[in-house]
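Dear colleague,

Please find the structure below, together with its sequence. My notes on its packing and its pockets follow.

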Amino acid sequence: MGHEHRSATTDSLFSRPSISSVSVPDSALGRAITEFVRDTETDLLFNHSSRVYYFGAIAGQQRGLSVNRELLYAATMFHDVGLMPAHSTADLRFEVDGANAARDFLKSHNVDPSDIEKVWTGIALHTTPGVPEFMHPVIALTTAGVEMDVLGLTYDQYTDEIREAIVTAFPRTSQFKEDIIQAFYDGNRHKPLTTFGNVNADVIADKQPHFCRTNFCSLIRCSGWKA
């Protein structure tokens, strides 16, 4: 699957610009990641994930963090793969689906298991705010890139020139804010209960006003314990 998701003009999908000394890893693994994700995701998600990589890598520069760019590229590019039907299970969080897809892919390319674990964790935790920033740079910077591109939390920490260069290379759609919310919903609507405890519960509630969220306190009170 994948090619049917791509528009007729996909020049940005092949772009490998150097922005603030950051570029897509020009290695066999880097090229394989690009090809896999480009053939798996929609243009919307491919461009989003590419921007996440650049914003995350530049955040690493800002924070003085040293990071393996190949591993960061793997984590950022695969972070939304679990939204795609071909990689979506019926009962796992989409983040875990994406992390598992990345793990299988990296295993097939003989990446060291300890490095695969970093990528897996970075993807699995990218919608769990307040934790990744204290972890390994691959994990911290994956979330940093996501938070910048989706939420704009660190918008003012990037110059106009850097933001414009990244968006020029990997464009945001004219209605990106609503488009990305819809993409999150489409990837989770068939398993809404998996959004318990992460930000995607808000997405389900936004699209389904009568959605009854799992309540943490109710789970405690209804457990098998007597007190």
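Leaving aside neighbours within four places in sequence, Tyr-54 is in contact (heavy atoms within 4.5 Å) with Arg-16, Pro-17, Ile-19, Val-22, Ser-23, Val-24, Ile-166 and Phe-170. This is a predicted model, in which local features need pLDDT of at least 70 and side-chain atom pairs count only at pLDDT 80 or more, while totals for chains, interfaces and linings use all residues. Residues are numbered from 1 along each chain as its sequence is written, and side-chain values use heavy atoms, without hydrogens and water.

Tyr-54 is also one of the residues that touch the most other members of the largest nonpolar core, as are Ile-33, Phe-78, Leu-106 and Val-119. That core has 42 residues; a nonpolar core is a set of buried Ala, Val, Leu, Ile, Met, Phe, Trp, Tyr and Cys residues joined through side-chain atoms within 4.5 Å, buried being under 20% relative accessible area with a 1.4 Å probe, protein chains only. Another core, of 13 residues, lies apart from it and includes Phe-176 and Phe-211.

As for open space, a pocket is an open set of points on a 1 Å grid over the protein atoms alone, where a 1.4 Å probe fits, with protein on both sides within 12 Å along at least five of seven lines; lining residues have an atom within 4 Å of a point. The largest pocket holds about 610 Å³ (the space filled by probe spheres set on the points, which are joined across faces, edges and corners). Among its 28 lining residues, Val-146, Asp-149, Val-150, Leu-151 and Phe-184 are the closest to its centre.

The second largest pocket has about 180 Å³ and is lined by 14 residues.

Yours sincerely

How values were computed:
Buried means under 20% relative accessible area, exposed over 50%, partly exposed in between (1.4 Å probe, protein chains only).
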